[in-house]
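Trainee: Could we go through this one together, starting with the ligand and then turning to a strand?

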Amino acid sequence: MKTIELPLKGGFGKVTIPLPSSKSESNRVLIIDALTKGENKLSNLAEARDTQTMIRLLREDPDTYDVLDAGTTMRFLTAYAALTGKTKILTGTPRMCERPIGILVDALRAIGAEVAYLKNEGFPPLQTRGFDRQLTHKVKIRGDVSSQYISALLMNAPLLPQGLNLELTGKVGSRTYIEMTLELMKTFGIHYEFEENVIKIAPQEYIPTEFAVESDWSGASYWFSLLACAGTGELFLKGLKANSLQGDSKIVEIMDKLGVDSSFENDGIRLRKKAVSGLEGFDFTHCPDLAQTVAVTCALLGQSSEFTGLESLRIKETDRIYALQQELAKIGAKLEEGENGVFRLIPAAAIPEKVRIHTYDDHRMAMAFMPLMTRTTVVIEEPEVVNKSYPSFWKHCGLLST
Ligand SMILES: O=C(O)C1=C[C@@H](OP(=O)(O)O)[C@@H](O)[C@H](O)C1
Ligand SMILES: C=C(OP(=O)(O)O)C(=O)O
């Protein structure tokens with residue numbers, strides 16, 4: 001098995017991290033681009049495998065879209081193929097075929113698209129088989145499983161003959177990602193209304209636009225965590241802006257309590273260490289991808305905390321609750337499930353001299369445990385999992401020791 005052993009103990013000097021581009025933004029503008037008549041000028045598209053897969057599938061247009069393990073690519077391409085009337089098989093890794101898609105398929109069928117499951121009801125693989133006419137423009141969709149279904153529908157909505165009125169029902173999770181979708185659509189000329197959980201989009205055309213993808217705030221979170229855990233150091237993260245479309249920019253507020261002072265400069269954000277004031281609790285409903293980063297940071301800083309909004313973690317690249325519980329246990333920390341979706345983080349106790357982290361085919365497990373190298377020698381299994389969102393992650397870790 002391939003592994004990487006992380007060398008850093010304690011701290012580092014002043015280091016600049018170039019950061020990759022956001023895969024969430026990239027995958028949205030690629031779908032918008034595919035739906036636009038005329039040329040957009042897109043730049044800074046992500047190097048993430050999820051984005052490179054999207055680019056390749058849209059360019060080569062094969063009969064089968066194999067998205068590998070990319071959730072957004074699966075959901076966005078399903079809606080795109082279904083609502084533009086293409087006949088396509090959509091499939092992915094075994095884990096992707098365990099990640100639910102029934103809520104999106106039900107909505108697509110309600111609109112009038114023909115979609116068939118090829119194996120298990122409610123899960124990929126599936127086939128889109130045409131779209132004759134729009135049956136309705138009013139659709140209700142649950143908001144508590146994945147916002148990606150909603151984003152997927154929204155991007156296609158302007159080109160539907162009747163447009164779309166989408167009513168989000170129940171608890172709405174990852175709302176910031178829905179807002180990101182709508183704001184990007186607006187950048188490409190689309191008007192929308194979003195009031196009281198109803199999103200209205202009239203039939204209209206995308207306007208060709210120039211757009212540069214921002215740096216990735218989810219990827220940035222690991223560097224905030226590293227600095228919080230390190231004895232000494234200062235980091236400059238390039239390409240981040242104060243007014244971001246990405247909800248994971250919330251990491252600034254969280255890490256402010258965990259000992260990281262942030263100040264925006266022209267081309268990024270400077271991180272300096274400061275005293276820890278403490279994070280008593282946090283609700284990750286709208287930034288689920290930060291949960292692993294923050295759990296490991298609290299564990300290493302000796303901070304007990306209460307986490308909520310972790311429901312969607314069980315259906316991501318792996319069951320992230322289980323994975324966190326297993327790996328935190330190796331440093332004597334716990335993520336205990338209480339009543340009503342409340343989890344209690346109990347910090348690390350005795351950290352062994354060498355810790356081997358299993359990564360469960362999940363890029364965020366590998367990256368979230370990187371800061372453990374400030375305490376002990378860490379061996380990360382299958383380090384190439386980071387390629388999903390941040391292929392240059394280990395190269396950037398190398399910048400700490402130069
Ligand atoms: O729309 C997006 O780009 C994403 C939405 C979130 O998923 P859920 O909506 O399933 O929580 C997030 O976890 C994922 O990494 C990216
Ligand atoms: C959940 C993630 O991605 P996706 O759902 O797009 O596979 C992620 O990047 O953490």
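**Where ligand 2 sits**

Mentor: Ligand 2 lies between domain 1 (3-20 + 215-401) and domain 2 (23-212), because both of them give residues to the shell around it; the domain bounds come from an automatic or database domain assignment. This is a predicted model, in which local features need pLDDT of at least 70 and side-chain atom pairs count only at pLDDT 80 or more, while totals for chains, interfaces and linings use all residues. Residues are numbered from 1 along each chain as its sequence is written, and chains are lettered from A and ligands numbered from 1 in the order in which they are written.

Trainee: Which residues surround ligand 2?

Mentor: Ala70, Gly71, Thr72, Asp289, Lys316, Glu317, Arg364 and Ser389 surround ligand 2, where a residue counts if its C-beta atom, placed from the backbone, lies within 6 Å of the molecule.

Trainee: Changing topic, which way do the side chains of strand β11 point?

Mentor: They alternate along residues 198-201, with Ile199 and Ile201 buried on one face, whereas Val198 and Lys200 point to the other and are not buried. Strands here are DSSP runs of E with at least two residues, numbered from the N terminus, and buried means that 20 or more other C-beta atoms lie within 10 Å of the residue's own, all placed from the backbone.

Trainee: And which residue of β11 is the bridge partner of Asn165?

Mentor: That partner is Lys200, and strand β9 (residues 164-169) pairs with β11 in the antiparallel sense over 4 bridges, pairing being counted if DSSP finds at least two bridges between two strands.

How values were computed
A residue is buried if 20 or more other C-beta atoms lie within 10 Å of its own, exposed if 12 or fewer, and partly exposed in between; C-beta atoms are placed from the backbone.
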